[in-house]
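Trainee: I would like a close look at a single part of this model, set in its surroundings. Please give the cut-offs along the way.

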Amino acid sequence: MEHLIASDDPDGRYKLNGTKCYITMAPIADVFTVFARTEATASSKDSITAFVIERGTPGLETSPSTPKMGQEGAPIGEVYLRDCIVPSSCIIGRPGTGFRSVMAALNKQRINLSALSTGPAIRMLDEAIAYARKLAGAGRPIEEVRA
């Protein structure tokens, strides 16, 4: 996947080019938060700027929903930006502060994702234990067989 690049022009607008994949809600979203590299000479974390871009902005397109297993209520897809021109008023915060913003959001999301994963993990463990209790080895339930 290529880096998403935003280059500014003398009129204070930015031209965004690049592709993002596996974006949650991309096929149905009306508004997108896009993080793009704006300064090639700055350090990696200081060269990312966050933009808010509305669906229908020329140059912004999305793919249909990508098939996946589960969580069908949150479709994923790709976002394509091809010479997508946005004014500087679309910048969230200040230029170069997007990395810090996205990390703050991801830190909160990691907590949600761990909670979302705990329930299925408990169920899978319970089902594995129940299955092991049904198996027989050496004429006894497998849970009683010791090596």
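Trainee: Is R123 buried or exposed, and at what relative accessibility? After that, please go through strand β6 and what surrounds it.

Mentor: R123 counts as exposed, at 56% relative accessibility; buried is under 20% relative accessible area, exposed over 50%, and partly exposed in between, with a 1.4 Å probe and protein chains only. The model is predicted, and local features need pLDDT of at least 70, side-chain atom pairs count only at pLDDT 80 or more, and totals for chains, interfaces and linings use all residues. Residues are numbered from 1 along each chain as its sequence is written, and side-chain values use heavy atoms, with hydrogens and water left out.

R123 has a partner. Its side chain meets that of E127 in a salt bridge at 2.6 Å, N to O (a side-chain nitrogen of Lys or Arg within 4 Å of a carboxyl oxygen of Asp or Glu). The two residues are four apart in helix α1 (residues 98-134), which means about one helical turn separates them. E127 is partly exposed, at 43% relative accessibility. Helices (H or I, at least four residues) and strands (E, at least two) are DSSP runs, numbered from the N terminus.

Now to β6, and to its strand partners. β6 covers residues 76-87 and pairs with β2 (residues 13-24) in the antiparallel sense, over nine bridges; two strands pair if DSSP finds at least two bridges between them. In this pairing K15 stands opposite I85 of β6. β5 (residues 60-62) also runs antiparallel to β6, joined to it by three bridges, and here T62 faces V79 of β6.

A side-chain contact links β5 and β6 as well. R82 and E61 form a salt bridge at 3.4 Å, N to O. R82 lies in β6 and E61 in β5, so this pair ties together parts that are 21 residues apart in sequence. Both ends are partly exposed: R82 has a relative accessible area of 46%, and E61 stands at 45%.

The backbone of β6 has one point to check, at D83. This residue lies in strand β6, yet its phi is near 50 degrees, a positive value in a residue other than glycine. Most residues other than glycine have a negative phi. D83 is partly exposed, at 46% relative accessibility. Another positive phi, near 45 degrees, belongs to Q71, which is not a glycine either; Q71 sits in the loop between β5 and β6.

On the far side of the β2 pairing comes β1. Four bridges join β1 (residues 5-8) to β2 in antiparallel fashion, with A6 opposite L16 of β2. The β1-β2 hairpin has four residues between the strands, and in it G12 takes a positive phi near 80 degrees. A salt bridge joins the side chains of R13 and D11 at 3.8 Å, N to O. R13 is partly exposed, with a relative accessible area of 36%, while D11 is exposed at 62%. With the R82 and R123 pairs described above, the count of salt bridges by this rule comes to three.

β6 also contributes to the packing. The largest nonpolar core (a set of buried Ala, Val, Leu, Ile, Met, Phe, Trp, Tyr and Cys residues joined through side-chain atoms within 4.5 Å) has 18 residues, and those with the most contacts inside it are L16, F51, I53, L81 and V86. The elements that give two or more residues to this core are β2, β3, β4 (48-54) and β6. The largest share, four residues, comes from β6.

Last, the largest pocket, which has a volume of about 260 Å³. On a 1 Å grid over the protein atoms alone, a pocket is an open set of points where a 1.4 Å probe fits, with protein on both sides within 12 Å along at least five of seven lines, and lining residues have an atom within 4 Å of a point. Grid points are joined across faces, edges and corners, and the volume is the space filled by probe spheres set on the points. This pocket is lined by 13 residues, of which K20, I23, T33, V34 and F35 are the closest to its centre. β2, β3 (31-37) and β6 each give two or more residues to the lining, and the largest share, five residues, comes from β3. By class, the lining has ten nonpolar, two polar and one charged residues; Ala, Val, Leu, Ile, Met, Phe, Trp, Tyr, Cys and Pro count as nonpolar, Asp, Glu, Lys and Arg as charged, and the others, Gly among them, as polar.
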